[in-house]
Amino acid sequence: MQRSNQLSTHSGLTRITLLPLLILLVGGAILWLVNGYVAEQATEVRNQELGFQADTIHREVQSNINRRMFQVASVANLFSSSNWVSAREFEQMIELVYGDEANEQRLTFLVNTVPDQVSAIEQQVRDSDDPVFRQFSIFDFDYIAQEPRPLAKDQKHVVAIMYDYPRRAHPHFIGRNLGKQRPVYEHAMAAKLTMQPFIGPLSMPIPAVNQLHFFIVYPVLDFSQQTHSVSGFMVSANILTSVFDSLKNGPLLAKHEVILADSNGVFYHLNDNIFTSEPVSSDQRQWLTRPLTIADQTWQLYVAPKNVVSTTSSQLMIIVNAFATLFLLTLALLFRNAFKQQKTLAHAVEQKTKELVEQNAQLEEANREAENAVRIKSQFLANMSHEIRTPMNGVLGMTTLLKDTLLDDTQADYADKIELSAKHLLTIINDILDFSKLESGKLDINAQPFSLHSVATLLKDTFVFDAKEQGIEFLLELDDDISTDLVGDVVRINQVLLNLCSNATKFTHHGKVSVFIDGRSIAPAGNQNYQLRFTVIDTGIGITRDKQANLFGAFIQADSSISKQYGGTGLGLSISKKLCEQMGGDITFNSQPGKGSEFIATLNVRTNERVINTTEQSLQFANKVKLMVVDDNALAREALYGCLTKMNADVVLCKSGKAALGKLRDEASNIDAIIMDWILPDMKGSKLMRVFKQQYDILAPIIILSAYCKDELGKESFALPVFDVLEKPCEDKCLFDTIQAAINKEENRIPENTGRDLSSLKILVAEDNKINQVIIQKLLASENGRADIAADGVIALDMLDNAKYDLVLMDISMPNMDGLTATKRIRSSGELYQDIPIIALTANVLASEVKTYMESGMNAHVPKPIDKEKLMSKIIEVMSNH
């Protein structure tokens with residue numbers, strides 16, 4: 001019995017002892033399963049996050065590579081679409097396509113040819129305007145001896161370096177034939193074989209790049225042949241880190257290890273900036289792989305978190321804590337907590353997924369906008385001006401011709417309104433183009449010598465009569481102490497003042513508009529040492545206080561009803577302020593509604609202290625001569641006195657027209673020649689010469705030396721006894737020769753009363769547009785001009801071969817051969833017509849384009865729509881200098 005009781009007691013104790021253990025084991029097993037489920041869910045969340053982050057990195061890298069491919073293709077297409085691309089055009093295209101990234105690039109254009117064509121290519125490059133290429137030649141290069149060798153004649157192909165950006169300082173780089181042993185040559189041959197872009201493998205640093213990189217070789221296709229051929233290659237050495245540029249400032253690269261692998265099994269570790277031949281490291285991190293498509297190759301992108309997440313310790317702590325709290329929690333609570341945790345994790349996954357999807361959508365949209373902006377910027381400025389101005393030339397030209405016909409009063413009124421509306425539209429177009437160039441930083445300030453008197457004259461001629469018709473006064477005053485001979489962009493200065501004065505007269509119905517111009521010397525900043533201040537005060541409607549804050553905003557007017565009542569785009573003040581800021585100044589204003597406004601514009605220029613540019617030549621008149629100098633600028637008088645005295649001349653100085661008349665009363669017969677400025681403080685040059693003509697039968701020849709606008713001066717001087725017109729600053733040799741010719745009684749170089757009769761000229765017009773052909777012929781015929789038409793550059797050259805012409809009016813955009821190419825052919829012809837004057841007639845008006853035309857050999861530029869007065873003035877100016 002005792003034994004039985006002992007066994008029973010032992011059995012009960014065993015059950016009592018095993019029950020907690022059983023509960024612990026069952027609870028532990030259940031917790032283990034629950035914890036495993038929770039850990040699995042957490043791992044899934046981390047994997048999803050890692051997947052989204054890897055997709056984001058992959059998308060950005062693929063986008064950056066696509067952008068690099070697009071940029072290289074854009075530069076390569078410049079060569080494919082052009083007969084010839086100069087080094088300057090190559091560099092301008094890179095700066096346009098790459099923008100702020102241009103200085104970080106290394107691009108090279110390789111010409112692909114055969115030995116028989118090398119001489120022709122060398123000559124074509126040498127004929128360019130860039131002095132760097134005047135000695136251009138193609139050569140082999142000994143990479144061991146590091147010196148050039150003559151080009152071997154037994155080569156089947158020549159792949160040589162023609163252009164490089166940025167230009168390399170190495171003396172034997174441009175013109176180097178790569179040779180078969182160079183990797184880039186192999187890449188180029190692969191691109192030539194497929195006529196598709198070729199991507200080189202990941203490479204170690206080279207001296208030119210000095211960083212880990214890969215090559216993009218883009219073939220330049222020649223479409224001029226029936227069977228397309230490869231005429232060259234655009235090679236871009238791309239720094240590997242640049243494909244991750246858009247991610248540098250974000251958190252993704254800081255939290256992840258990234259490896260880029262090419263199709264040849266070379267692995268680039270971004271974080272360590274090294275190459276390896278092995279894939280990812282064998283640690284506990286999870287690596288995700290994403291494919292990258294580059295041309296016809298597939299590269300791989302590996303992404304892993306930087307820190308390895310250890311799940312073992314966290315699981316152990318959960319189990320320990322779970323066993324410690326198992327006595328306080330029921331299995332139901334454990335399941336409930338597990339369910340709640342699962343629900344929380346699911347919600348977190350859903351929320352994180354939503355955020356990542358939104359971020360990805362924003363990144364994709366931003367990428368599309370950036371790529372679209374690059375494409376639009378490269379086309380907008382060039383196409384907008386040309387495409388709008390061409391039909392505008394037809395409207396304004398035909399209106400001008402219509403007004404020259406017999407019209408009744410109603411028809412004449414209609415024609416005037418058409419012309420006024422067309423000119424208003426042209427003003428709006430010019431404002432929009434200027435605003436676009438200012439916003440993109442493409443508008444350059446072109447500093448040239450000018451006279452402040454010409455600015456004042458323009459304002460008076462433009463507004464005095466119109467103000468009088470409105471019943472108001474327009475007053476203009478120059479400060480007595482202001483410097484008038486200056487160097488600056490007078491076109492942009494006039495644009496600012498015309499806008500301010502136009503607004504003042506437009507919004508003033510009673511009273512007056514006053515303009516005061518003064519200036520002061522400032523501490524030199526760059527090339528500028530003088531600040532001009534223009535104060536425009538009106539008694540007009542004023543501006544309400546709530547509208548003043550946004551007055552200089554683009555497309556904004558003080559009141560929306562103003563555009564209906566007065567017209568305008570709201571761009572004028574915005575453009576004027578930006579122009580003043582670009583010239584180192586600003587525009588400020590004060591205004592009271594109903595009383596008027598005061599606008600103050602400041603801008604910086606440079607005083608023109610060089611009236612005469614001296615040379616080392618010994619210039620002296622054989623016999624002493626007596627000359628009169630009339631100029632209100634003290635610096636100009638002193639410079640002329642010193643220069644003319646050295647030439648063996650007695651000089652009489654006069655600072656005004658009145659002083660000159662007083663001197664001539666006693667010494668008119670003794671003066672051999674008169675050198676005078678066009679604008680004087682007491683009278684204009686034209687008035688002074690008319691007084692000369694009235695009071696003196698025999699008068700010495702008159703030479704105009706002025707910074708005044710030469711076009712306007714030329715118009716007035718035709719009707720006056722002027723021997724010649726010279727611009728400040730003038731070379732002393734030119735001044736000497738002009739005085740010598742005047743004293744020797746040679747025929748006036750500015751003929752008196754010649755008018756604008758063009759009957760003595762035979763003119764060739766190269767223009768493909770039928771309407772423009774009619775307009776130009778009629779405009780020339782109205783001044784007795786004879787014009788023959790050539791529909792393109794090829795026909796123009798043929799006509800020059802078969803007939804003698806005095807002048808060529810050349811359009812730029814023409815089929816078969818454009819005007820630029822035709823001009824270069826004329827200048828290099830070696831024939832009798834190589835010196836014929838050429839005037840560009842084109843809708844292309846950007847400063848960079850006009851500069852290109854002048855550098856190609858053209859003598860002048862007249863923009864479309866063609867203004868008859870500007871065209872005639874330019875023809876007379878060009879022919880008088882020929």
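This passage describes strand pairing, aromatic contacts, charges placed over rings and an enclosed cavity in a predicted model.

Strand 8, which spans residues 229–239, is a convenient place to begin. Nine of its 11 residues are buried, so strand 8 is largely enclosed by the rest of the structure. Strand 7, covering residues 213–222, runs antiparallel to strand 8 and is joined to it by 10 bridges; within this pairing, His 213 stands opposite Ile 239 of strand 8. Strand 8 is also paired with strand 1 (residues 107–113), again in an antiparallel arrangement, through five bridges. In that pairing, Leu 110 has Phe 233 of strand 8 as its bridge partner.

A further antiparallel pairing is found between strand 12 (residues 288–294) and strand 13 (residues 297–305), where seven bridges are present. Leu 288 has Val 303 in strand 13 as its bridge partner. The side chains of strand 12 alternate along its length, with Leu 288, Arg 290, Leu 292 and Ile 294 directed to one face and buried, whereas Thr 289, Pro 291 and Thr 293 are directed to the other face and are not buried. The two strands form a hairpin with two residues between them, and in this hairpin Ala 295 adopts a positive phi near 55 degrees.

Aromatic contacts were examined next. A pair of aromatic rings is described by the distance of the centres and the angle of the planes. The count of aromatic pairs in the model comes to 12. In one of them, the ring centres of Phe 79 and Tyr 163 lie 6.4 Å apart with an angle of 40 degrees between the planes, so the pair is classed as tilted, a term that applies when the angle is neither under 30 degrees nor over 60. This pair links distant parts of the chain, since Phe 79 belongs to helix 1 (residues 2–80) and Tyr 163 to strand 4 (residues 158–165), with 84 residues separating them. Both partners fall under the 20% limit for burial: Phe 79 has a relative accessible area of 10%, and Tyr 163 has a relative accessibility of 2%.

Tyr 163 also pairs with Phe 133, in this case edge-to-face, with 5.5 Å from centre to centre and 85 degrees between the planes. Here too distant parts of the chain are linked, as Phe 133 lies in the loop between helix 3 (118–126) and strand 2 (139–142), 30 residues from Tyr 163 in strand 4. Phe 133 counts as buried, at 4% relative accessibility. These three residues belong to one aromatic cluster, which is made up of Phe 79, Phe 90, Phe 109, Phe 133, Phe 136 and Tyr 163.

Charged side chains are also placed over aromatic rings. The charged end of Arg 176 sits over the ring of Phe 141, at 4.0 Å from the ring centre, and Lys 762 lies over the face of Tyr 805, at 5.0 Å from the centre of that ring.

Finally, the model was searched for enclosed space, and one cavity of 30 Å³ or more was found. About 40 Å³ of space lies in this cavity. Its lining consists of Val 45, Gln 48, Glu 49, Phe 52, Val 349, Lys 352, Thr 353 and Leu 356, and helix 1 and helix 7 (331–403) each contribute at least two of the lining residues. By character, the lining divides into four nonpolar, two polar and two charged residues.

Methods. Residues numbered from 1 in each chain as written. Predicted model: local features only at pLDDT ≥ 70, side-chain atom pairs only at ≥ 80, totals over all residues. Heavy atoms only, no water. Buried < 20%, exposed > 50% of the residue type's maximum accessible area, 1.4 Å probe, protein only. Helix = DSSP H or I, 4+ residues; strand = E, 2+ residues; numbered from the N terminus. Pairing = 2+ DSSP bridges. Phe/Tyr/Trp six-rings, centres within 6.5 Å; stacked < 30°, edge-to-face > 60°. Lys NZ or Arg CZ within 6 Å of the ring centre and 35° of its normal. 1 Å grid on protein atoms, 1.4 Å probe; cavity = no way out; pocket = protein on both sides within 12 Å on 5 of 7 lines; lining within 4 Å. Points joined across faces, edges and corners; volume = space filled by probe spheres on them. Nonpolar A, V, L, I, M, F, W, Y, C, P; charged D, E, K, R; others polar.
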